[in-house]
Amino acid sequence: MTVANITPELIKINQIITHEDIDIVNLNKVINCIRKNKEIIPIIIDEESFMVIDGHHRFYAMRLLGFSKIPAYLINYRKDYVKVNKWFRKIIFSKGSNVDRILSLIIPNTEGKVCIKFFSRKFCSNSEYTLYWKLNIIEKYLLSIGVNVIKNPKEGIEPPSLDKEYVLSIAKKGLRFPPRTTRHSYEFIIPSYRISLNEFV
């Protein structure tokens, strides 16, 4: 891996589009961090579409704080050196839980062209987009009843793959996947130093 030969640029916030929703708790943490430290790590966006690749919470925080611009690294999303990966779901039921009973209550029998194997049950929808939102609802319910859901790079329930063109199409339609749907990786190292807000206000 090499360090990418890129420097952050100031991009107008109203030019930027997103492909993921945000978690309100994390958003508030980011807002408080920016207010306290008066600095931010640049987000990463596609140089053609201006879609956020990484840094949705920072983007929304800066917009809510009233900034008109945000520092960003611009890279070509379609190039092979950018990979779109997935978050597996490791689901940990407490000892003694009747897993089949719980799953039968929250996962109905569904049909569709895109499916995910959820333990002993098959959960389907008509598109990757709607399947990810249905999966998000299930995860929230599991968390509400004390079942731990851990998103990680390689262990647990495997959601459907997403290609970059599909992610771009969702963003361009003004839609958003649930938080932490995509997991991007790069064949180079992007600097992660913070930029003082005083440099562009």
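Begin by selecting Lys38, which is partly exposed, with a relative accessible area of 45%. The structure on the screen is a predicted model. Lys38 lies in the loop that joins helix 1 (24–37) to strand 3 (39–40). Its backbone deserves attention: Lys38 is not a glycine, yet its phi is positive, at about 55°. Most residues other than glycine have a negative phi.

Next, select Arg180. This residue also has a positive phi of about 55° without being a glycine. Arg180 is placed in the loop between helix 5 (164–172) and strand 12 (182–186). Is Arg180 buried or partly exposed? Its relative accessibility is 40%, so Arg180 counts as partly exposed, because that category lies between the limits of 20% and 50%.

Now turn to the interior and select Ile11, Ile16, Ile43, Ile45, Phe59, Met62 and Ile70. Within the largest nonpolar core, which has 20 residues, these touch the most other members. At least two residues of this core come from each of helix 1, strand 4 (43–46), helix 2 (56–64) and strand 6 (69–75). Which element gives the most to this core? Helix 2 does, with 4 residues.

Keep Ile43 selected and display its surroundings. Apart from neighbours within four places in sequence, the residues in contact with Ile43 include Ile16, Phe59 and Ile70. Val52, Asp54, Gly55, Arg58, Pro71, Ala72 and Tyr73 are also among the contacts of Ile43.

Finally, select Ile53, Val82, Val167 and Ala171. These residues are among the 18 that form a second, separate core.

Terms used. Residues numbered from 1 in each chain as written. Predicted model: local features only at pLDDT ≥ 70, side-chain atom pairs only at ≥ 80, totals over all residues. Heavy atoms only, no water. Buried < 20%, exposed > 50% of the residue type's maximum accessible area, 1.4 Å probe, protein only. Core = buried A, V, L, I, M, F, W, Y, C linked by side-chain atoms within 4.5 Å. Contact = heavy atoms within 4.5 Å.
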